Amino acid sequence: MAGTQGTSDSTSKFRYEVFLSFNAKNIGNSFADFMYIALNKKGFKVYNENDGNEHDEDTRTKRYQAIEQSQLSVVIVTKRFVRSPWCLDQLVKILECKNSVGHVVLPVFYNHLEPIEVGKQLGPCEQAFADHEAVFAGEPGKVQQWRSALTQVAKLAVKGLSLRETNWFRAPLRQNIIEEVWKVVGARRVEVSLDIYGSDEAAQSIRKWMEDVVKIWNESQMKRTN
């Protein structure tokens, strides 16, 4: 039991399983709303007070706390997201949690934006950062921090999590996101729930059997339509 206690403690401290990060002005609330509904339908605990718009510092603090209390962030990267200091600051916070406590980050590249453009700040990202350099001329460290965050998030790209890869159809993109979320959250749920079986030989046999049962159930869930 001692060997599994750390996992149980670290997972139980989370209030949410998924934090959605996006810019509402670019995608509207529709895609984010559909994602929230789809994730909830699958039983995930999703932070649902992030409307993707800029607010005051109290709201910023509240959002940052929600990120810290979440196991995973789905970051919907768009042209407007890259242009928004609020969204970029939020991305920096998400990556800080990734690097410090193992917070998982799933970037989604939406509409006509590709990982290479994001990572190297090319195409529409190039002009966005030219504007950032001008506006934040007195804070070069801030802009560099944003560049570094986008470079990091581009390297985390997962096959199937861009709208181009799903031939511009949003439904399969949502399904791909759900499947990737389940790979992380579902695995942690199983790891924690099976701690009760202990570590002796008989307990491990039960644990292995339960893992197989849960794996089959998980696969059946992913085959269901949203």
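These legends walk through several close-up views of a predicted protein model.

The model is predicted, so local features need pLDDT of at least 70 and side-chain atom pairs count only at pLDDT 80 or more, while totals for chains, interfaces and linings use all residues. Residues are numbered from 1 along each chain as its sequence is written, and side-chain values use heavy atoms, with hydrogens and water left out.

**View 1. The whole protein, with 10 helices and four strands.**
Helices (H or I, at least four residues) and strands (E, at least two) are DSSP runs, numbered from the N terminus. Follow the chain and you meet the pattern α-β-α-β-α-β-α-α-β-α-α-α-α-α. Of the 226 residues, 45% count as buried, where buried means under 20% relative accessible area, exposed over 50% and partly exposed in between (1.4 Å probe, protein chains only). Contact means heavy atoms within 4.5 Å; among contacts with a separation of 6 or more, 74% join residues 24 or more positions apart.

**View 2. Helix H5, residues 85–101.**
How far apart are the end C-alpha atoms of H5? They are 24 Å apart, which agrees with the 24 Å that its 17 residues should span at 1.5 Å a residue. The expected span is 1.5 Å times one less than the number of residues. The buried residues of H5 include Trp86, Leu91 and Ile94. Just after H5 comes Gly102, with a positive phi of about 80°.

**View 3. Two cysteines of H5.**
Cys87 is buried, with a relative accessible area of 1%, and Cys97 is buried too, at 6%. A disulfide is a pair of cysteine sulfur atoms within 2.5 Å, and by this rule the count comes to zero.

**View 4. His103, in the loop between helix H5 and strand S4 (104–109).**
Is His103 buried or exposed? His103 is buried, with a relative accessible area of 4%. Its side chain reaches the backbone oxygen of Ser70 at 2.9 Å. Leaving aside neighbours within four places in sequence, His103 is in contact with Ile67, Ser70, Gln71, Leu72, Ser73, Ile94, Cys97 and Lys98. Two of these, Ile94 and Cys97, are among the buried residues of H5.

**View 5. Gln121, in the loop between helix H6 (115–120) and helix H7 (124–135).**
Gln121 has a phi near 50°, a positive value in a residue other than glycine. Most residues other than glycine have a negative phi. Gln121 is also buried, with a relative accessible area of 8%.

Key: Polar contact = N/O pair within 3.5 Å; in protein donor to acceptor, adjacent residues only side chain to side chain.
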